[in-house]
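User: Please take a close look at one part of this model for me. I would like chain A: how it is built, how it divides, and how it meets its partner.

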Amino acid sequence: MWRFVGYRLLQAIPVLLVVITVTFFLVRAAPGGPFSSEKAVIPEVKAALEAQYGLNLTLFQQYTSYLGDLTKGDLGPSFKYPGRSVNELIAAGFPVTAELGFYALLVALSIGGVAGIIASLRPNTAQDYIPMSAAMIGICMPSFLLGPILILVFGIYLEWLPVSGWGDIPGDKILPAVTLGSTYAAYVARLSRAGMLEVMSQDYIRTARAKGLPEWQVVTRHALRGGLIPVVAFLGPAFAGLLSGSFVVETIFQIPGLGRFYVQAAFNRDYTMILGATVFLATLIVVFNLLSDILAAWMNPRLRAQFAEQ
Amino acid sequence: MLTAENLGISFVTRMGTNKAVDGISFTVEAGKITAIIGESGSGKSVACYSLLGLIPQPPGRIDSGRALFQGQDLLQLTEAQLRETRGRDIAMVFQDPMTCLNPYMTVGNQLMEPLRYHKKVSKAQARERALELLEEVGIRDPASTIDNYPHQFSGGMRQRVMIAMALINEPKLLIADEPTTALDVTIQAQILELLAALQKKRNIGILFISHDLAVVADIADTIVVMQEGKIIETGNRDDIFRHAQQPYTQKLLQAIPTGGKSEVLQKSEPLLSIRNLSTWFRQGKTHVKAVDDVSFEIRRGEVLGLVGESGSGKSTIGRSILRLVPITSGEVIFDGTDITALAARELKNMRSRLQIIFQDPFASLNPRMTVFDTLAEPLLLHGLDNRSNVGASVLKLMDDVGLARSFVRKYPHEFSGGQRQRIAIGRALATRPEFVVADEPVSALDVTIQAQILDLMRELGKEYSLTTLFISHDLAVVRKLADRIVVLQKGKIVEQAGTSELFEHPRQPYTRQLLQSIPGRVLRANAT
């Protein structure tokens, strides 16, 4: 198993290198820079600032020195928040994003899982069509549409829930989590339905029924584990989607998470912040994909045995 | 103990109503074995599953009849009442032990489940009982294997676990649905013996479903023959075997491969020589020696039977000869050429002279190609025909393998298993090969279809002057076709001899064991 994990982590190095390189040169290719603004800045001041941040070096020198710092875990100073490093900014914003992502994942797994399982028990009936149609709508509905609709309905018309903020008023975390999680709830519903349908047609389900077990025990004891493996395997990609999706949701609901920093950094040409956040998220995505693969293999006794040998 | 009367079951689909079981009656007595025999689609499994409410309704529908078991009509019970009976008084053993155990649960937990659910015993007590029973069904060292998962057991061992699971609540009736069909012949014999012994000891009734009369010949008390949803003959075992009244029963009896090939083999030069062939597969750091230093010859025009259990390497030899798997060492000399040394282009030319027929005609035909496409492809590929005259060759092939010419535009799913195997045979013969590897060509087929395909292969062998390597786990089938037999075990040759020689004077203990495992001992005793 450790060999497999080590191998996967080694594979991640070239992936991250490509991500860093492409991002580095892409943001530099965008017109403007961190110190260009509408107000005219005295050329000497601008030159001094650029020298301070190493922007007077050639692009390639900047690139290599960035990589050098990165190996030490240093993501550099922010260009727009003087005196604060990118590491600090990520450390400030990420816990909020992680919390939002965690709640969204809970929403996705609980609503999606239950809907999918219910649908799978009576395929091609209303019990199947209704949740699956809802799931289709969930997949098609972008969060920048769903968010405002939810705000309008639950925040403004019904006045049940706060419309923005994070951790200020009780209940203000509900709408963002639902907005972010609903798309993934829809995917989870479809995956768990397909997985359960597959398992419920297996011979060993007939064996379980022949034992005289009631149907709910057949489902919970015999079908669930195999049926939900596709969902577990999807957790890694879902996590990646939740992180990038959170940028939109954080903007809609005014949440001080990493996503908002990221978006602002892009507008401000805060080169180090953009790069730092990209590297950080790419690393997380690699790690979570690995974790979900390990978990999916672990749930299957046959793969588990092979896995432990490696 | 169980009396089914006038049982009728239909399946209602959009295509219409299909009567699967049409007014059948049978009984199972305590301490006796009743066997229901019929081909796939005859309704035998449907009838038995309906007794326990295991037919999904809809599309299934019970039209008529009653099934009295201990004074209750099973068909009138509610789902909850039926569940009380299921797994407690009536238990089931299914056909394929590979798929009937839950791969995500340990064998022990699955085994204890019926006991824990129906009798509400403690986990420790259930475990103790499970260990006793595993011991009784012949699982070695149950204490250390009870917490293993099903994939860690062999097919035969899994079927033993299934049997233990069925017996754990000491049921009064056991329904066994083709319990040995998926198993090797020696394992089949062991499982049949085990079932018979357990049945005697517990004095329970068994309803034994099978497509193979030979299998039940040794154990059944009463035999019920079904065809197309109806019972066509019922009788005790000896009556059925000695004085079967119905032509269909007689046909089933005749389809049991007994006796050997009558022709005397003329000596001819070898067409194919295999010298010190080894094919190993890497598995982690070690090798699995699937084929280990095997040498034999096949003479021109001969049918050589290659016999062994699963894992003996017989299929690997067939594939090694055609270079469908990379060989580790050794030579395969075909008509003076070492096939193992051929370059890709030469191999392609050679392939038109060597062909293979696979076991599963469902999996080996491309579902998106019509019969015409399937048969025309090798002809065009090897340049034996061009677009304009390939049609005539395809129709000729279809005549040869006994397929109606009108089927030419149909797709594989529109055919039965036997018809598909005919297509597969036609595909193999399209290039007029000199040598054919037939890898278990009839094991996936019903017995009567088996007999037809074997007859076809024998005729075609003569017509096309084929040399055949006939691979099978079933000695009785091989006996019908082969001139000589090579017996394999664990990748090595155990014994090779002429067919009648091998059957009459087997020299090796393993060969003897294989021969004794052929079902239908009673039949053979009657025949001699």
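Analyst: Here is chain A, from overall build to its contacts with chain B.

This is a predicted model; local features need pLDDT of at least 70, side-chain atom pairs count only at pLDDT 80 or more, and totals for chains, interfaces and linings use all residues. Residues are numbered from 1 along each chain as its sequence is written, and chains are lettered from A in the order in which they are written.

Start with the fold. Chain A has 13 helices and zero strands. Helices here are DSSP runs of H or I with at least four residues, strands are E runs of at least two, and both are numbered from the N terminus. The C-alpha atoms fill a box of roughly 85 × 60 × 30 Å along the principal axes. Of the 310 residues in chain A, 35% are buried. Buried means that 20 or more other C-beta atoms, placed from the backbone, lie within 10 Å of the residue's own.

Now the contacts. Two residues are in contact if their C-beta atoms, placed from the backbone, lie within 7 Å. Take the contacts in chain A between residues at least 6 apart in sequence: 73% of them join residues at least 24 apart.

Chain A splits into domain 1 (2-63) and domain 2 (91-309). These bounds come from an automatic or database domain assignment. The domain centres, taken over C-alpha atoms, are 33 Å apart. Domain 1 puts 15 residues into the contact, and domain 2 puts in 13. On the domain 1 side, eleven residues are nonpolar, three polar and one charged. Nonpolar covers Ala, Val, Leu, Ile, Met, Phe, Trp, Tyr, Cys and Pro; charged covers Asp, Glu, Lys and Arg; the others, Gly among them, count as polar.

Next, the partner. In chain A, 17 residues are in contact with 23 residues of chain B. Helices α8 (203-210), α9 (215-227) and α13 of chain A each give two or more residues to this side. The most come from α8(A), with six. By class, the chain A side has five nonpolar, five polar and seven charged residues.

Last, confidence. The mean pLDDT of chain A is 85, and 97% of its residues reach 70 or more. pLDDT is the predictor's confidence in each residue, from 0 to 100. In chain A, confidence is highest in helix α7 (residues 174-200), at a mean of 91, and lowest in helix α13 (residues 301-309), at 74. That last helix, α13 of chain A, is among the elements on the side that touches chain B.

Notes
A residue is buried if 20 or more other C-beta atoms lie within 10 Å of its own, exposed if 12 or fewer, and partly exposed in between; C-beta atoms are placed from the backbone.
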